[in-house]
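Q: Got a minute to walk through a model with me? I'd like to talk about its inside, its surface and its charge pairs.

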Amino acid sequence: MKEKLEKSKATIVTLILPILMYFVYKSLGILSNFEFYFYLAFFYFFLLMSVMYLIIEFVEKIHIVNEEKPKYHLISEVLKFIFLISILFSTYYWIINDNNSTNFLNVTKGNKFEIFLDFFFYSLTSFIMNNSSEIKPNTIIAKAVVLTQIIASFTTLVLFLSQHKEFGNFIKQIEDRINRK
């Protein structure tokens with residue numbers, strides 16, 4: 001139980017730290033170009049570390065579910081991971097857009113919560129790889145974060161399929177049928 005609580009704390013920190021980093025950035029005032037790009041590199045590095053942490057935690061949970069728990073736990077772990085990764089990226093999208101509104105095109109004008117919900121929808125549809133949103137990344141910074149989410153989504157899909165035993169058995173059955181013909 002204590003280990004589970006520790007992992008939950010790490011996940012919460014992973015989701016809240018970008019917002020805290022943004023408030024620190026806003027409180028610093030006007031930054032020089034070097035300071036801005038240094039902060040941006042640190043911000044992006046933290047995004048990469050957060051995504052890797054969430055993916056590794058997800059793969060560990062998938063392995064445990066395959067070995068010990070019923071199948072519905074697998075579905076709940078997958079849905080929880082998709083929700084967490086979408087929240088993480090929508091937070092980054094919102095921060096990037098709040099810093100400079102030209103980073104994304106076609107973002108709804110409204111209060112910050114409505115904009116965050118738009119980015120959550122965009123993040124969720126980007127994760128599922130069927131992006132039907134009108135929001136488009138416009139700058140290199142925005143495109144880099146979106147590309148990171150697409151790579152994280154693809155990596156997660158590959159790792160999930162490679163860890164899930166029944167899927168491996170299904171592929172073997174198909175290969176056996178092909179080889180018999």
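What follows is a short chat about this predicted model.

Q: Any ground rules before we start?
A: Residues are numbered from 1 along each chain as its sequence is written. The model is predicted, so local features need pLDDT of at least 70, side-chain atom pairs count only at pLDDT 80 or more, totals for chains, interfaces and linings use all residues, and side-chain values use heavy atoms, with hydrogens and water left out.

Q: Cool. How many cavities of 30 Å³ or more does the structure hold?
A: One, with a volume of about 70 Å³. A cavity here is a set of points on a 1 Å grid over the protein atoms alone where a 1.4 Å probe fits but cannot get out.

Q: Which residues line the largest cavity?
A: Leu54, Glu57, Phe58, Lys61, Glu77, Lys80, Phe81 and Leu84, counted as lining when they have an atom within 4 Å of a point. Helices α2 (33-68) and α3 (71-99) each give two or more residues; helices are DSSP runs (H or I, at least four residues).

Q: Switching topic: how many salt bridges are there?
A: One, meaning a side-chain nitrogen of Lys or Arg within 4 Å of a carboxyl oxygen of Asp or Glu. Asp98 pairs with Lys112, their closest N and O atoms being 3.0 Å apart.

Q: What does the pair tie together?
A: Asp98 sits in α3 and Lys112 in α4 (residues 112-127), so the bridge links parts 14 residues apart in sequence.

Key: 1 Å grid on protein atoms, 1.4 Å probe; cavity = no way out; pocket = protein on both sides within 12 Å on 5 of 7 lines; lining within 4 Å. Points joined across faces, edges and corners; volume = space filled by probe spheres on them.
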